[in-house]
Structure formats: structure tokens, C-alpha cells
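This report introduces a single protein chain to a reader who has not met it before. The sequence and the structure are shown first.

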Amino acid sequence: MFDDLLRWRYQKTNPHAHARHSESPRRIRKAEKRAPTMLIHAPHASTPSPTYLIHHPRRLNPVFPRSASLNVSVANGIMKTRWRRGMCRPVIVSAAEEGSSGFKSERKREVVEHICLLKAKENLSEEEEKDMLDYLYTTQYQMRGIVAISLGRISEENIENYTHALYMRFQRKEDLAKFYENVFYLGVLKEHVMPYCHGLINVDFEAEVEDDILSIFRKGEEFNYGLEFVLLISVVSDAVGGAAEHALASLARLTIGFPSLIVQSTQGLNLNLSSKEYTHGMVIRFRSFEAFGIFMGSSEYKDIWSSKFQPITQKILSVHFSIDPVGTEIM
């Protein structure tokens, strides 16, 4: 009954939701790009050190200094960052400072998160890319159960050579199961995705979010822009259900301590039986690329990663992509 109430409230605030399926995918996506992108810049800090990311079990966490703007390059599996000073604005960066007032208990709502990573062919044209992403985006208007979606081109190279990412949120596991069997979605894969791609991976997990319509549907101004960060990990077998859950819970609590950098985060055990390469998944919506760098460079994050994740993690894949503005009202 609560699900029907949520959908009714959503449709009342979005009277054109049912009409969208009759429009072309390209027209739908273009019509939703309205709001300007807002950025959070890193503050100045003393003597930032050179940093890099190596995809290796013993050096898994991306590390960034807390200052200035950055340029990123990737070579031989190593992400290198170069920093420039003098282009920054103040922002709160300490989890301890932001979380000092404590967190009030809130009601939670269970959701199911779906992550699909694609490997596009090397000669993919801009028109083919738009066709693929537009049709994937339009699936939300062709079936019940999808309450949120984001997708885009992965910003940097990664060791698995994934090029594009799709994120969806479902109300329940039954909706996800129907999604995999949906005729429209299967047609999109056959006609508009696989002709342009040579591989994909799906990871699904249950999670909890605030029991609020904007948080559930990922709507409102805060979700109109930013950076989507996807983290997939594989832990040793004896850590599943114990140390792994404790590590993810610690990281989730930390993300709550950075409200000026992070809009929402979810994490959980991979439920997809056909894709067991990774045991757990996590999705974090950052407010900007700068916010992403500040969080990854924080001492709090590095401490959690080195103490709780590195001892149990045997494989990691992290990707991120930018979010286009989609307007200020509930779509």
C-alpha cells in the first residue's frame, strides 16, 4: 500500500510521466537537461603530496590530497594526479567536524540497486553512443518498479576496460526479476546495446535509504548534478557476512559524516547469481568531481580502507561518471 502511495505522489508531481514513453529517447533526455551544474571546490592545504591509484590488492584505495584542482591521467593501470593551486574555494572536509553534532535516527526504506557496466567497441561513434544511452534511459518509462536511474560514459580508464555505466533503483527484488525478463529491455539490449558492446557485467544488491520520497526516487535539486561513484569488491570467502559487512557499514557511516560532499550512498551483498566476480557493491553520489577527490583523500577514508578493507579484499573495480543536470522539479 505504501508503494502505491509513493507512486501516486510521484505521478501527482510529475503529470507527464506516463506520456514520456511515447516520445523519442533523445527528446526525453534533452528535455530534462535544464539546471546549471554546481561544483564544490577543495580548500587550500599545506604541501600536498603526489598521489596515484594502483589496482592491486595491497593498494586499493584511490588517494587524493585535499587541495586545489586536479588533472588526471592513466598509464599502465596507474592513475596519476597533478594538482594546481589557486583555483579553490573553502568547503568543510573533515568527517569529525561535520559529524560532531551526531546523527539522529531516521526511518529507512529497503530498495534494490542495479549496476550494469558495459565494454563498448573502440570505434563507437558519438551517434551510436547517444542511441545506446538514450534507449537505456528510456527503459524507466516502459516498466513498473524503476524508481531512479543514472548512466553515462565512465570518466577514466580502468583495469577491466569498462567504458559506460548504468545504475538503476528498484522498489523490490521482484521488480528487478521482471526487469531482466522485460520484452522492451531485452529488445534494447539486442538492438541498441550489444551491437555496440562486446561485454557487460551486472551487480545487484539490497540496501536501505531514508524513508523519504526525494531520497527514494533520487529526485530534487541535490540529485540533478554531481558524480556517480561505483565500487565493486571481491572479498575472501571467510569474510563474507562478517568482516565484509562490518567494513561496508563503517564506510557507510563515514559517508554520512560528509554531507557537504556526498548526497547519498548505498552498499550491499551482490545478489546476482550469474555474476559472482564481485561479492559486494557500493554506489555513492558525490556533489562534484572535486568533492569526490576530497573524500578519497581524507584521512578518515584512508584509515578505514587500510584497516578494514585491505586485509579482506582480493579484487576491486571502481568507476565514476558525471551526472548531467535534469531540472529542478521532480521528473
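The sections below describe the chain as a whole, then two sheets with the helices that pack on them, and then a pair of helices.

## The chain as a whole

The structure is a predicted model. The chain contains 10 helices and 11 strands. It has 331 residues, of which 55% count as buried.

Among the contacts in the chain with a separation of 6 or more, 79% are between residues 24 or more positions apart.

## The sheet of S5, S6, S4 and S7

Four strands make up an open sheet with the order S5-S6-S4-S7 and antiparallel pairing. Strand S5 (146–153) and strand S7 (197–210) are the edge strands; each has a single partner strand, so one side of each has no neighbour in the sheet. From one strand to the next, the twist averages 15 degrees.

Seven bridges connect S5 with strand S6 (residues 164–170), and the two pair in the antiparallel sense. Within S6, phenylalanine 170 stands opposite isoleucine 146. Helix H4 (residues 126–138) packs on this sheet and touches strand S4 (108–120), S5, S6 and S7. The direction of H4 makes about 170 degrees with that of S5.

## The sheet of S9, S10, S8 and S11

Another open sheet of four strands has the order S9-S10-S8-S11, again with antiparallel pairing. Its edges are strand S9 (262–269) and strand S11 (313–323); because each has a single partner strand, one side of each is left without a neighbour in the sheet. The twist from one strand to the next averages 10 degrees.

The pairings can be followed across the sheet. S9 and strand S10 (residues 280–286) run antiparallel and are joined by seven bridges. Serine 265 has isoleucine 284 of S10 as its bridge partner, and glycine 268 has glycine 281 of S10. S10 also pairs with S8 in the antiparallel sense, over seven bridges; here leucine 227 stands opposite phenylalanine 286 of S10. S8 and S11 run antiparallel and are joined by 10 bridges, with valine 235 opposite threonine 313 of S11.

## Burial in S10 and S11

S10 is mostly covered, with seven of its seven residues buried. The cover extends to both faces of the strand: His280, Met282, Ile284 and Phe286 are buried on one side, and Gly281, Val283 and Arg285 are buried on the other. Isoleucine 284 and glycine 281, named above as bridge partners, are thus on opposite sides of S10.

S11 stands at an edge of the sheet. Eight of its 11 residues are nevertheless buried, so S11 is largely enclosed by the rest of the structure.

## Helices H8 and H9

Helix H8 (residues 243–256) packs on the sheet of S9, S10, S8 and S11, where it touches strand S8 (226–235), S9 and S10. Its direction makes about 5 degrees with that of S10. H8 has 14 residues and reaches 20 Å from its first C-alpha to its last, which is close to the 20 Å expected at 1.5 Å a residue. The buried residues of H8 are Ala244, Ala247, Leu248, Ser250, Leu251, Ala252, Leu254 and Thr255.

Helix H9 (residues 289–296) contains isoleucine 294. Is isoleucine 294 buried or exposed? Its relative accessibility is 1%, so isoleucine 294 counts as buried, the cut-off being under 20%. Isoleucine 294 is 33 residues from leucine 261 in sequence, while their C-alpha atoms are 8.0 Å apart in space.

## The pair H5 and H6

Helix H5 (residues 173–181) and helix H6 (residues 183–193) pack with their axes 5 Å apart and at an angle of about 50 degrees. H5 and H6 are therefore oblique to each other.

Which residues of H5 and H6 make the contact? H5 contributes Phe179, Tyr180 and Glu181, and H6 contributes Val183, Tyr185 and Leu186. By class, the contact of H5 with H6 has five nonpolar residues, one charged residue and no polar residues.

Technical notes:
Residues numbered from 1 in each chain as written. Predicted model: local features only at pLDDT ≥ 70, side-chain atom pairs only at ≥ 80, totals over all residues. Heavy atoms only, no water. Pairing = 2+ DSSP bridges. Axes fitted to C-alpha atoms, helices over the stretch in contact; angles between N-to-C directions. Contact = heavy atoms within 4.5 Å. Buried < 20%, exposed > 50% of the residue type's maximum accessible area, 1.4 Å probe, protein only. Expected span 1.5 Å × (residues − 1). Parallel < 35°, antiparallel > 145°, perpendicular 65-115°, else oblique. Nonpolar A, V, L, I, M, F, W, Y, C, P; charged D, E, K, R; others polar.
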